[in-house]
Amino acid sequence: MVVLSVENLKVRYRVGHGAFIHAVEDVSFKVDEGETVAIVGESGSGKSTTALAIPRLLPPSATIAGGRIIFKGKDIMALSKSALNKIRGKEIGFVFQEPVSYLNPLIKVGEQIAEVLILHDGLDKKDAKLRALKLLEQVKVSDPHRVFNNYPHQLSGGMAQRVNIAIAIALNPSLLIADEPTSNLDVTVQAQILNLILSLKKELGMAVILVTHDLGVVSGVADRVLVMYAGKLVEEAPVKNIFDSPLHPYTKLLLKAVGRQTEVDRDEIRGSMPNLVTPPPGCRFLSRCPMRMDHCSEEVPEISLERGVRVLCWLYGDRRGS
Ligand SMILES: Nc1ncnc2c1ncn2[C@@H]1O[C@H](COP(=O)(O)OP(=O)(O)O)[C@@H](O)[C@H]1O
Ligand code: SF4
Ligand SMILES: [Mg+2]
């Protein structure tokens with residue numbers, strides 16, 4: 001069953017003088033119950049904008065300029081503020097990149113978890129505390145009582161992220177959106193946090209959207225991968241296809257970058273993204289594409305379906321190379 005369906009999503013940011021950043025253009029995808037979908041692409045490709053649009057958590061400078069977001073049959077764009085708040089708290093959990101900054105520095109972390117349960121599940125203080133301790137156990141915190149009484153600044157990045165995950169899963173959401181949940185953590189902790197998300201997904205039967213700039217982390221984690229570039233969804237494929245037989249020239253480039261450690265290495269491979277205030281008229285990947293053809297600069301590519309893979313490139317589809 002489909003949990004989430006995003007159709008032709010279009011998001012832009014107001015940047016003054018009547019100008020807009022066209023951050024997300026015509027992005028469509030579905031997420032099935034219990035499925036893990038990764039959104040990958042380098043910084044600035046529109047991953048977070050797409051992820052934040054789903055529970056309508058975009059900043060005020062952003063406008064959803066088109067498209068539909070259907071979550072469990074409900075049109076997210078048509079919901080009242082209170083209906084939306086219910087969904088955000090209860091049905092869609094969110095984990096962000098900066099684990100500490102999403103916690104209130106002045107309140108013990110255990111109380112912050114309990115607060116969610118009191119507000120949304122109507123638990124009394126005592127039951128909420130017991131359940132918060134259980135949740136800390138569930139996210140593999142070795143000493144839940146100590147961590148319950150810690151303030152956020154007393155936690156390591158990995159521990160703070162576990163607390164955020166505990167808050168995100170507290171109400172058994174059907175969808176967990178994790179936006180670069182491991183990007184600011186040490187490599188060994190990154191693997192622990194990813195494994196934790198995966199095991200919770202199985203335990204709770206949630207669907208997961210995992211946003212990451214690092215294609216390397218999605219193998220063995222995601223079922224399906226959405227590759228974004230400059231606001232466009234350029235390829236959507238089962239994870240195996242992405243690694244074994246990538247189609248889009250950008251996906252191929254991203255694969256080359258897997259395992260490269262430094263930013264310099266990565267930049268060498270990647271070049272830079274076009275200006276999204278005045279995006280180029282044809283393919284947004286043109287300036288960096290080794291396969292470009294004459295008409296790629298004139299006509300925006302259309303999505304075509306190749307053996308179950310969706311790809312946005314003139315090398316594929318009925319009009320290939322035309
Ligand atoms: N609050 C904002 N105001 C203006 N522009 C933004 C804002 N957030 C993101 N953008 C722009 O939107 C584009 C997509 O950004 P984002 O969704 O954050 O990409 P990603 O998560 O893939 O790095 C980028 O060009 C970025 O500069
Ligand atoms: S449409 Fe053309 S420029 Fe764009 S990715 Fe395909 S071949 Fe390259
Ligand atoms: Mg981001």
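Here are a few worked exercises on the predicted model shown above.

**Exercise 1: the shell around ligand 1**

Work out which residues come nearest to ligand 1, and which elements supply its shell.

*Solution.* Start with the residues. The shell around ligand 1 has 15 of them, and Y13, A23, K47, S48 and T49 come nearest. Next, look at where the shell comes from: β2 (20–32) and α1 (47–53) each put in at least two residues. Helix α1 provides the largest share, with three residues. Finally, sort the shell by class: you get six nonpolar residues, eight polar ones and one charged one.

**Exercise 2: the sheet**

Find the strand order in the open sheet, then say which strands stand at the edges.

*Solution.* Begin with the order. Four strands line up as β2-β1-β4-β5, and the pairing is antiparallel. Now check the ends: β2 and β5 (74–75) each have a single partner strand, so one side of each has no neighbour in the sheet. Then zoom in on one pair. Strand β1 (residues 2–14) runs antiparallel to β2, and nine bridges join the two. For a concrete example, take S5, whose bridge partner in β2 is K30.

**Exercise 3: helix α3**

Check the length of α3 (residues 109–121) against the expected rise, then find what its buried residues pack against.

*Solution.* First the length. The helix has 13 residues, and the expected span is 1.5 Å times one less than that number. That gives 18 Å, and the end C-alpha atoms of α3 are indeed 18 Å apart, so the two agree. Second, burial: V109, G110, Q112, I113, A114, V116 and L117 are the buried residues in α3. Third, their surroundings: these buried residues pack against α2 (81–91), α4 (125–138), α5 (144–148) and α6 (157–169). Last, step past the end of the helix, where G122 follows with a positive phi near 70°.

**Exercise 4: M159**

Decide whether M159 is buried or exposed, and find which residues it contacts beyond its sequence neighbours.

*Solution.* Place the residue first: M159 sits in helix α6. Then count. A residue needs 20 or more other C-beta atoms within 10 Å to be called buried. M159 has 21 C-beta neighbours inside 10 Å, so it counts as buried. For contacts, skip the neighbours within four places in sequence, and M159 touches V141 and V147. As a final distance check, compare M159 with I70: the two are 89 residues apart in sequence, and their C-alpha atoms are 33 Å apart in space.

How values were computed
Residues numbered from 1 in each chain as written. Chains lettered and ligands numbered in written order. Predicted model: local features only at pLDDT ≥ 70, side-chain atom pairs only at ≥ 80, totals over all residues. Near = placed C-beta within 6 Å. Nonpolar A, V, L, I, M, F, W, Y, C, P; charged D, E, K, R; others polar. Pairing = 2+ DSSP bridges. Buried ≥ 20, exposed ≤ 12 C-beta atoms within 10 Å, placed from the backbone. Contact = placed C-beta atoms within 7 Å.
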